[in-house]
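Work through the exercises below with the sequence and the structure in view. Each task is followed by a solution in steps.

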Amino acid sequence: MALRLLTVALMLLLGAMIVNGQHSPSPTPAPTAAPTAAPAAPVIPIYGPPDVPPQNVQVVALSNTAIEITWETATVSRPQYRVTGYAVSVWSTTDPTVQVARLLLPVDGRAQRVEELKPDHRYIVYISATNPKGFKLSASVSVTLPAPSPTPAAAPAAPVIPIYGPPDVPPQNVQVTASSNTAIEITWETATVSRPQYRVTGYAVSVWSATEPTVQVARLLLPVDGREQPVEDLKPNHKYLVNVMATNPKGFKLATGVFVTLPGPVAK
């Protein structure tokens with residue numbers, strides 16, 4: 001009997017322990033600590049000017065009025081003498097008191113162009129590594145700009161050949177065609193003279209009535225490149241004589257006259 005009572009008591013005690021375990025609150029996790037900020041880098045004071053000048057300074061003439069300056073970093077011995085910028089100065093060698101240009105550049109500057117200089121002129125260039133305490137000057141570099149390109153000489157004018165007399169050859173292959181019963185078309189070929197002293201400077205076209213030889217119906221003066229000429233407002237069923245002349249200031253050379261007869265009016 002006692003053993004049974006002891007067993008029951010143990011079972012009751014075990015059940016209570018299980019119930020208490022299920023309903024016991026979970027432990028609250030500890031708050032996560034915020035990360036600690038990295039300590040700021042210490043500010044290193046500047047004790048004096050840079051102790052090393054810019055290295056490998058190069059100056060190149062880009063044109064006869066411009067130069068390109070390049071250099072390499074001035075690597076100082078200690079950060080207390082570090083470089084915070086660069087200064088570029090350009091001087092005239094013919095007048096050493098004249099500073100042509102002075103430019104202040106950031107510490108990452110490595111090149112600088114200088115323009116509007118004088119052709120055929122010599123300049124001296126300095127680069128300084130700078131900081132608030134002073135500067136360290138590079139060795140000077142000189143450069144001479146090329147002279148201006150010479151202006152090409154104008155081609156000599158062709159000699160003017162005088163005209164000694166009128167053309168010695170008339171227009172060739174003169175053709176006259178009736179384009180209607182009141183109009184004609186006149187064409188010809190160039191008069192190729194024997195010498196330039198008798199060259200053609202123009203053409204003259206004249207049209208005459210064949211039935212009235214004293215009546216000049218048309219006279220036209222044309223440039224030397226003229227090769228054709230229409231003539232209108234003529235009479236139907238009428239015959240005309242056409243002359244073409246090669247001309248110059250000394251006179252003319254007449255081609256053989258060509259006759260043409262216009263057709264009659266169209267019957268209605």
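**Exercise 1. Confidence**

What is the mean pLDDT of the protein, and what percentage of its residues reach 70 or more?

Solution. Begin with the term: pLDDT is the predictor's confidence in each residue, on a scale from 0 to 100. The mean over the protein is 85, and 87% of the residues reach 70 or more. Next, go to the elements, where helices (H or I, at least four residues) and strands (E, at least two) are DSSP runs numbered from the N terminus. The lowest mean pLDDT among them, 55, belongs to helix H1 (residues 2–23), and the highest, 94, to strand S10 (residues 184–189). Where pLDDT is low, the predicted coordinates should not be read in detail.

The model is predicted, so local features need pLDDT of at least 70 and side-chain atom pairs count only at pLDDT 80 or more, while totals for chains, interfaces and linings use all residues. Residues are numbered from 1 along each chain as its sequence is written, and side-chain values use heavy atoms, with hydrogens and water left out.

**Exercise 2. The surroundings of S6**

Find the strands that pair with strand S6 (residues 122–131), and explain why S6 is largely enclosed.

Solution. Step one is the pairing rule: two strands pair if DSSP finds at least two bridges between them.

Step two takes the partners in turn:

- Strand S3 (residues 85–92) pairs with S6 in the antiparallel sense over 8 bridges; Ser89 stands opposite Tyr126 there.
- Strand S8 (residues 141–144) runs antiparallel to S6 and is joined to it by 4 bridges, with Val143 opposite Tyr123.
- Strand S7 (residues 134–137) is also antiparallel to S6, with 4 bridges. Gly134 in S7 is the bridge partner of Asn131, and a hairpin of 2 residues joins S6 to S7.

Step three is burial, where buried means under 20% relative accessible area, exposed over 50%, and partly exposed in between (1.4 Å probe, protein chains only). Because 7 of the 10 residues of S6 are buried, the strand is largely enclosed by the rest of the structure.

**Exercise 3. Positive phi**

Is Asp120 buried or exposed? Treat Asn56 in the same exercise.

Solution. Asp120 is found in the loop between strand S5 (111–114) and S6. Its phi is near 55 degrees, a positive value in a residue other than glycine. The relative accessibility of Asp120 is 53%, so this residue counts as exposed.

Asn56 lies in strand S1 (residues 55–61). Although Asn56 is not a glycine, it has a positive phi of about 50 degrees. With a relative accessible area of 43%, Asn56 is partly exposed.
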